[in-house]
Amino acid sequence: MIETAAADLLASGVVPLEMTQAEVYQAIQNNQALNASLWANIALAGLSIILFVYMGRNVDDPRSQLIFVATLMVPLVSISSYTGLASGLTMSFLEMPAGHALAGQEVITPWGRYLTWALSTPMILIALGLLAGTNMAKLFTAITADIGMCVTGLAAALTTSSYGLRWFWYFISCAFFAVVVYILLAEWSRDAEIAGTSEIFNTLKVLTVVLWLGYPIFWGLGAEGLAVLSPAATSWAYSGMDIIAKYIFAFLLLRWVAANESTVASMASGLGAAGSGGAAPADD
Ligand code: RET
């Protein structure tokens, strides 16, 4: 009885109770669509880890190895992130402030996603930056702006004092995101041309920019923003984008690197020795 009532309430995105972690876990289990969106990613992350380790078994060049390790971290972080969500550890019911479409009601918030994006998205950028032959200044800028985007996105999701401040955090996060998009589209595109990796870089860049744009859009439409979409629909949107932005992206990148190791080893890189496996001897 109680479980059915909790499931009904969760399906509508609204639960008027303070819930323990065990109750959040039960509520997630009772919402089949939401639960499936999480477990689908746990399964795919597990398969990706095995596949990527296998694909990288013969890679010897240090810069290619670094791209492999950074990319492999993405499904490793993902399997941890989704386990946190599915277990109820990193999902909470938060009361929305006045002004929100569900004001005064408790809305399920997958805050663990935003936290773990601060670990997974820099790995994607390290892999892309290495592929483009970027320099340290641009890599540092992209990564710090990206972490800023995730942490301020987390702040937007966790702010319950003021509806306006939720959106203020959201726009700060978008400003950080604009820096990342600029580096991908302008700076690294130019670098990749010089490095001779522009074909694969451009494919991955378009995939990344288009998919990453979906995340703020679905945050805005989801239960935490304008509440046009249900929590389960929003969760499937994130999970679907994650599947392409992480596993398909990583597969395309690693397949190319494994087949073009010598190009990666000999490419011009703004990172110099740091990007190719060790310190160069001093001139004098
Ligand atoms: C938020 C909300 C605030 C505004 C912006 C956002 C952007 C999130 C992005 C996430 C990308 C995640 C990926 C994860 C893969 O592991 C935080 C949703 C701009 C771009 C690719």
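Before you click anything, one term: a residue is buried when its relative accessible area is under 20%, exposed when that value is over 50%, and partly exposed in between, using a 1.4 Å probe and protein chains only. What you have open is a predicted model, in which local features need pLDDT of at least 70 and side-chain atom pairs count only at pLDDT 80 or more, while totals for chains, interfaces and linings use all residues. Residues are numbered from 1 along each chain as its sequence is written, and side-chain values use heavy atoms, leaving out hydrogens and water.

**Stop one: Lys138 and its partners**

Select Lys138, which is buried at a relative accessible area of 18%. Now add Glu187, also counted as buried, at 15% relative accessibility. Their side chains meet in a salt bridge, 3.2 Å from N to O; the term means a side-chain nitrogen of Lys or Arg within 4 Å of a carboxyl oxygen of Asp or Glu. Lys138 sits in helix α6 (residues 136–158) and Glu187 in helix α7 (residues 163–195), so this pair ties together parts 49 residues apart in sequence. Helices here are DSSP runs (H or I, at least four residues), as strands are (E, at least two), and they are numbered from the N terminus.

Next, pick Arg190. Its salt bridge with Glu187 has the closest N and O atoms 3.9 Å apart. Both residues lie in α7, three residues apart, or about one turn of the helix. Arg190 counts as partly exposed, at 47% relative accessibility. Add Asp191 to your selection too: salt bridges with shared partners join Lys138, Glu187, Arg190 and Asp191 into one network.

**Stop two: Arg113 and Asp242**

Move on to Arg113 and Asp242, whose side chains form a salt bridge at 3.8 Å, N to O. This pair links distant parts of the chain, with Arg113 in helix α5 and Asp242 in helix α9, 129 residues apart. Buried or exposed, where does Arg113 fall? At 1% relative accessibility, Arg113 counts as buried, and Asp242 is buried as well, with 2%.

**Stop three: α4 against α9**

Colour helix α4 (residues 62–86) and helix α9 (residues 231–259). They pack at about 160°, with axes 10 Å apart. Axes are lines fitted to C-alpha atoms, for helices over the stretch in contact, and angles run from 0 to 180 degrees between N-to-C directions. That angle makes α4 roughly antiparallel to α9, a label for angles over 145 degrees (under 35 is roughly parallel, 65 to 115 roughly perpendicular, the rest oblique). Among the residues in contact (heavy atoms within 4.5 Å) are Phe68 and Tyr82 of α4, and Asp242 and Tyr247 of α9.

**Stop four: α5 against α8**

Now show α5 (residues 111–132) with α8 (residues 198–221). Here too the angle is about 160°, and the axes are 11 Å apart. That makes α5 roughly antiparallel to α8. Look for the side chains in the contact, including Trp117 and Leu128 of α5, and Phe201, Trp212 and Trp219 of α8.

**Last stop: Met267**

Finish at Met267, in the segment after α10 (261–266). Met267 is buried, with a relative accessible area of 7%. Which residues does Met267 touch, leaving aside those up to four places away in sequence? They are Arg63, Leu130, Leu131, Ala132, Gly133, Ala195 and Thr197. Select Gly196 as well: Met267 and Gly196 are 71 residues apart in sequence, yet 7.0 Å apart in space, C-alpha to C-alpha.
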